[in-house]
Structures are given as C-alpha cells and as structure tokens.
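Grab a pencil and work through these exercises on ring contacts. Each one comes with a solution you can check step by step.

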Amino acid sequence: MIRFECDYAEGMHPRILERLMETNMEQTAGYGVDPHCDRARELIKQACGKEDLDVHFLVGGTQANMTVIAATLRPHQGVFCADSGHLNVHETGAIEATGHKVIILPTTQDGKLTAEAIQEAYDAHWGDATHEHIVQPGMVYISQSTEDGTTYTKAELEAISATCRKCELPLFIDGARMGYALMAEGADFTLNDMANLADVFYIGGTKVGAMMGEAVVIVNPALRKDFRYLIKQRGGMLAKGRLLGIQFETLFEEGLYFEVAKHADDLAMKIRRAFEAKGIEMLFDSRTNQQFPILPNEMMEKLAEKYAFSFWCKVGETHSAVRFCTSWATQEENVEELLADIEKM
C-alpha cells in the first residue's frame, strides 16, 4: 500500500534523526531552557526577520491551540473560528474543555474567514442589548494553510489583521502546515508577514519534517506574561525540551524547513494536474500539499486497492471528494506510479 492519507506517516527527516543521535548523550537543562532551544529560537527570529519575538516549543498542535487560547482569553470569552476550522472539526472539544467557546463563523467556498465576516459578527455581539448574556468574542483564529489546503493571500491577511486590531481582537494563526503554505505555488506572503500581522502564530514541525513539536511565536507583548505556566498546566511542556529545540534548530539551518515543504507542494501539484488532465475537478483550489479530487466512485474504489487516501465527502450519488496528501517524505517514484495509474483510467 502506498500511503497518501496524511503528512505525518513517517518518523522524521533523516537529518533530524542524525542530529538527535549525535546529541543523545549530551547533558542539558530541561524544559526548553537549553542551548539548542536558544539557538532554534534565534534561527526562527532570523527567518521571521524580527528580533522582538517570544518563541516557545510545545509538543503538538492541540497543546499549542489550547495553550494559546487559554492564555489569551478571559473566562467569559470565546474565539472566532471558521466553520471548517481545525478548532471546530478536529480538536475533540479540546478548546471547550479549557472553558472557552469556539464561536463559529461562515466561510468562503474555500474555507477561509473574511474580514467582513469577523466585523459583522463582532458588531452583532455588541449591538445586542443583552450581550452580557452571550459569550464575548475575545480573539480570532485562522489557519495557514486551511483544513481545505487553501491559503490566505497577503491582502486577505492584512484585511483580517486590520479588522482584528480595530476590534481589539488578538489574531492567532495556526501554522501546523505553515511550511506548505509558505512554499505553495503563487504564495505572496512570508514568515515576516506572519510576524507583522498576527499577535501570535505557530510554525508546525510535526507535519513538516519533525518527529513532533510546534514553535509558538508570540508577537504581542501583552500575551507573553506567564505563558510558560500555561504550557506546563496544559500539558505542552516537554521535560526533555532540548529534543524539540534540536528538531527546530535542524529544520531552520540552511533552509531545510522550506526545502522539504516545497518538495511536498511540488509533488502535490503533479497529482492535481494528473487528475485535471483526466477531466477530474477539484473540490478546493489548493496549491499546497493537500489535494481534493472529486472522483467517480468506481475510480475511487479502484485507486483504493493500491493507495491509501482520505475520504472527504460525498458529491452527489456517483462521486466522492477525497484527499491526497503529500509530505516532506513523499517519494517521487510513488507519485510517478500514481500518475501512471491515473493516466490508465
């Protein structure tokens, strides 16, 4: 079986594994206050083009989302999120378990929030005469890329950021797949844009070459106080913290993070174009490592005999949308085999 169902099927990039083996017997302080974490923080600041950033390494995306939201919101506040957003559909109620409501907003066809939708929901809350009986919007969450593999343009991010600042709503950008978004075909945004437009964001490692871990980057000084307390309380702090630092240190040396992300995106676009050449439409206009062809059910069943991919949704009685997901570790020969099989159908 050749697997295309997710971007974390393999362990870690070989260079990370080598580095972990090289440093295995080092003795350092724990909990992320070691030289490797310090150097990784500096490399991330350099990549963001901004020095005044607070960088923390957490064990995973759910912990990053829980911790950032719990650290930002007061008890009576909730977080605006797209109806298809990760907080809403794939966190098993983790955010609600922190005592905060995920406030769902409608999205565009490609799964993105708009500045207009945020402003309208914000105005509706404060325009309600009984607003003190309703969960107060306290921050905005978006992901780059989205659950649908799509990306926000720089102009869209600027509009959302401007609205958030006007409404005094901190903007939180989930970057579990940030690398794949940054290296997507036609992308017009950079890490520096994230650091200038968001109040807090994170750079995903788990899905972009690391064994595990996410780097939370706090831009807004008002959100930094006691953050490490919350990391510990929410289960995001690794005792052997240097293991996270070494991974991000390696990923941000010599541009490895961007190199492996581009590899995945390039292969994903080959898959997309192969399907399109056969007249297959895409559910979303994704240029990242996630592609969503709408397949005749017979074709889906035939491909499933040899390839693992994810069912996404039914499209009528005879077709289904599925997800093919490439990663930093996807082998080009496996993609070529898939392309040949698509061509035969």
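Buried means under 20% relative accessible area, exposed means over 50%, and partly exposed is in between (1.4 Å probe, protein chains only). You're looking at a predicted model, where local features need pLDDT of at least 70, side-chain atom pairs need 80 or more, and totals for chains, interfaces and linings use all residues. Residues are numbered from 1 along each chain as its sequence is written, and side-chain values use heavy atoms, leaving out hydrogens and water.

**Exercise 1.** Classify the ring pair Y141 and F172, and place it in the chain.

*Solution.* Start with the rule: rings of Phe, Tyr and Trp (its six-membered ring) pair if their centres lie within 6.5 Å; planes under 30 degrees apart are stacked, over 60 edge-to-face, the rest tilted. The structure holds 13 such aromatic pairs. Here the centres are 5.6 Å apart with 70 degrees between the planes, which makes the pair edge-to-face. Next, find the residues: Y141 is in strand 5 (residues 136-143) and F172 in strand 6 (residues 171-174), 31 residues apart. Helices (H or I, at least four residues) and strands (E, at least two) are DSSP runs, numbered from the N terminus. Finally, both Y141 and F172 are buried.

**Exercise 2.** Do the same for F275 and F324.

*Solution.* The centres are 5.5 Å apart and the planes at 55 degrees, so this pair is tilted. F275 lies in helix 12 (residues 256-277) and F324 in strand 13 (residues 319-325), so the pair ties together parts 49 residues apart in sequence. Now check burial: F275 is buried at 0% relative accessible area, and F324 counts as buried at 1%. Last step: ring pairs link F4, F275, Y307, F309 and F324 into a cluster.
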